[in-house]
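Colleague: I'm new to this one and don't want the whole tour. Could you pick one helix, take a close look at it, and then follow its surroundings outwards?

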Amino acid sequence: MQVFGAVEQDGHERILFAQDAESGLKAIIAVHSTVLGPALGGTRFYPYECEEDALADALRLSRAMTRKNAAAGLDHGGGKGVIIGDPRTVKSERLLRAYGRAVESLGGAYVTAEDVGTTIADMEVIARETGYVTGASSDTGGSGDPSPVTARGLMAAMRGTARFLWGSTDLSGRHVAIQGVGKVGGAYARLLAACGAHLTIADVNEKALQALAQEVGGDVAAPDAIHATECDVFAPCALGGALNPETIPDLRCAAIVGSANNQLAEDELDADLAARDILYVPDFIVNAGGVINLAEEVGHEYRLERANRRVDGIEATVIELLERARESGGTPLDEAVALADRRISEVGGLHARVSRPPRTGSGAR
Ligand code: NAD
């Protein structure tokens, strides 16, 4: 197996393979970049079919975190951990603590958080072995569930989009179609409804869908038809790949502002959206509230008000990106990538925070 060949192209700084025979831990931590500061990104616990798939995911996700953290103006690089296995059957205290030791061994180059397959409670177990962990519950000094803050960031992105498209941040009477009303999509729906927006919502979880529809009003659509709703804004808030060659021709919206990661099946598809006059506001700008919130735990005591203030800044970022795209003739995605690159070249290498644990007293030290 050619190890360096696999990572050469993206320039990952470090990749750690960690195992613990007794608990069955097999984990990969990919540190893509610490140029802006400690690499920050969650730990995904997933039953990968093979080790190559797990490595590919860790490399891809950590690279994406470098972009997201840089564009959000954070003093953090990009990293991601993956644990191989089905979290429902193999997760144990020993396994999570062994993983915590692996995080600790990187000496602060990587700071972890929850992701698919890991929970706030898991972060607290990991924190028994390392201070380099964020996203523990608020009663232990952590930032807790990031979803409400992520949804707040979506509203900021929505206001920026509305001002750019319609000259006003007033969302009353605007029609938003939300695909997936889980933790983020559900909170987004409530915030939009409170602003007088008209909603159409869809979810594969019929019970949760009906309960939310009762609460916020509006219409319900089938999960495989929601993207075709005629609306002002389509909001993919479920899984990645919602914008693909099959769904894009059906879209009947003016803009896309949703929380799901990797909404475009391929980055190049943003040109198809632009050709159809649909404004795609890049997912990693719109959903950065989650990681902005986590970053507020690093190096000082967490304060929700400070996190909220930074998250509200997404509105100005979105306006700036959309205006730049209009001037340059590029897409908002081009401009968002350029924003991340500019930040790395302007302030990269100036930080001195790699060895500082997120919260005093939270971990093993
Ligand atoms: P969640 O699991 O709470 O919600 C996802 C919802 O989508 C669930 O209700 C699920 O039933 C539904 N769903 C799944 N497949 C669907 C389909 N085909 N059609 C319609 N609905 C479907 O997850 P979440 O935390 O709300 O995250 C949603 C998305 O936002 C994910 O892509 C996540 O990576 C991204 N994100 C979340 C956060 C956060 O703070 N939670 C931060 C950044 C990005």
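Modeller: Sure, here is the helix, followed by its neighbours, the ligand and a few loop residues. A bit of housekeeping: this is a predicted model, where local features need pLDDT of at least 70 and side-chain atom pairs count only at pLDDT 80 or more, while totals for chains, interfaces and linings use all residues. Residues are numbered from 1 along each chain as its sequence is written, and side-chain values use heavy atoms, with hydrogens and water left out.

Let's start with H13, residues 314-328. Helices (H or I, at least four residues) and strands (E, at least two) are DSSP runs, numbered from the N terminus. With 15 residues at 1.5 Å a residue, H13 should span 21 Å, and its end C-alpha atoms are indeed 21 Å apart; the expected span is 1.5 Å times one less than the number of residues.

Which residues of H13 are buried? They are Ile314, Glu315, Val318, Ile319, Leu321, Leu322 and Ala325. These cover an arc of only 165° around the axis, which puts them on the same side of H13. That arc is taken from the directions from the helix axis to the C-beta atoms. For background, an α-helix has 3.6 residues a turn, so residues three or four places apart point the same way. Buried, by the way, means under 20% relative accessible area, exposed is over 50%, and partly exposed is in between (1.4 Å probe, protein chains only).

What covers those residues includes helices H6 (147-166), H10 (283-286), H11 (289-295), H12 (304-312) and H14 (332-347), plus strand S12 (279-280). After H13 comes Gly329, with a positive phi near 80°.

H6 is a good place to step across. Phe164 sits in H6, and, leaving aside residues up to four places away in sequence, Phe164 touches Leu279, Leu322, Glu323 and Arg326. Contact here means heavy atoms within 4.5 Å.

H6 also leads to the ligand: H6 and helix H7 (183-194) each supply at least two residues of the shell around the ligand. That shell has 19 residues, the closest being Thr150, Lys183, Val184, Asp203 and Ala238; a residue is in it if one of its heavy atoms lies within 4 Å of the ligand.

Lys183 belongs to H7 and is exposed, at 62% relative accessible area. Asp145 and Ser147 touch Lys183, again not counting residues up to four places away in sequence.

Now the polar contacts (pairs of N or O atoms within 3.5 Å). A backbone N or O atom of Lys183 is 2.9 Å from an oxygen atom of the ligand. A polar side-chain atom of Ser147 is 3.4 Å from a ligand nitrogen atom. For Asp203, a side-chain N or O atom lies 2.6 Å from a ligand oxygen atom. The protein covers 73% of the 830 Å² of accessible area that the ligand has on its own, by the Shrake-Rupley method with a 1.4 Å probe.

Last, the loops. Asp277 lies between H9 and S12; its phi is positive, near 65°, in a residue other than glycine, and Asp277 is exposed at 67%. Thr130, in the loop between helix H5 (120-126) and H6, is buried at 0%.

How values were computed
Polar contact = N/O pair within 3.5 Å; in protein donor to acceptor, adjacent residues only side chain to side chain.
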